[in-house]
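Trainee: I would like a close look at a single part of this model. Please take me through the aromatic side chains, then set them in their surroundings.

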Amino acid sequence: MLIMDRDCKRGGERFAIPSQGEVQGKLIVLEVVAITCLREVLASKNSFAIAALKKKVLRAMKEQCAPLGLSSEDEKAALEYACEFFEEASKEAARQAATKVAAKSAGTARSRAPGHG
């Protein structure tokens with residue numbers, strides 16, 4: 001069962017073996033929250049803020065990987081995946097923004113057409 005309280009506990013309760021569903025559920029939560037937040041930031045179209053955010057993400061990834069003792073190849077793969085994730089979210093945010101602008105323009109054009117309104 002997904003229980004945030006258990007993640008904060010110390011000792012044996014914290015290390016209970018999760019089911020596959022729990023692991024998948026946590027991954028889905030993390031992915032959805034990350035993608036949603038990232039889309040909101042990337043929709044701002046502020047290239048300096050986006051570049052700074054990407055730099056912070058990569059720095060945080062390095063900090064999180066360091067204590068795990070990952071091999072250099074695994075750490076590199078994790079950083080590459082983070083970059084790919086960031087780039088794909090950026091592309092998706094741009095697509096969504098373009099779709100919204102196109103829909104808004106189409107709605108405005110229709111409302112101005114003679115005989116409508």
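Is Phe85 buried, partly exposed or exposed, and what is its relative accessibility?

Mentor: This is a predicted model, so keep that in mind throughout. Phe85 counts as partly exposed, at 25% relative accessibility. The cut-off for buried is under 20%, so 25% misses it. Now take Tyr81. Tyr81 is exposed, with a relative accessible area of 55%. Exposed means over 50%, so Tyr81 qualifies.

Next, the pairing. A search of the whole structure turns up 1 aromatic pair. Tyr81 and Phe85 form that pair. Their ring centres lie 6.4 Å apart, and the planes meet at 50 degrees. That makes the pair tilted, because the angle falls between the 30 degree limit for stacked and the 60 degree limit for edge-to-face. Look at the spacing too. Both residues sit in helix H4, 4 residues apart, so about one helical turn separates them.

Now the surroundings. Helix H4 spans 72–112. The chain has 4 helices and 0 strands. Its largest nonpolar core holds 6 residues: Leu38, Leu42, Ile50, Phe86, Ala89 and Ala93. H4 gives the largest share of this core, 3 residues. Helix H2, at 20–42, also supplies at least two. Ala89 is in contact with Leu38 and Leu42, leaving aside neighbours within four places in sequence.

Last, the whole chain. Buried residues make up 12% of its 117 residues. The accessible surface is about 9300 Å², and carbon and sulfur atoms account for 61% of that area.

How values were computed. Residues numbered from 1 in each chain as written. Predicted model: local features only at pLDDT ≥ 70, side-chain atom pairs only at ≥ 80, totals over all residues. Heavy atoms only, no water. Core = buried A, V, L, I, M, F, W, Y, C linked by side-chain atoms within 4.5 Å. Buried < 20%, exposed > 50% of the residue type's maximum accessible area, 1.4 Å probe, protein only. Contact = heavy atoms within 4.5 Å. Areas by Shrake-Rupley, 256 points an atom, 1.4 Å probe, with all protein chains shown as cover. Phe/Tyr/Trp six-rings, centres within 6.5 Å; stacked < 30°, edge-to-face > 60°.
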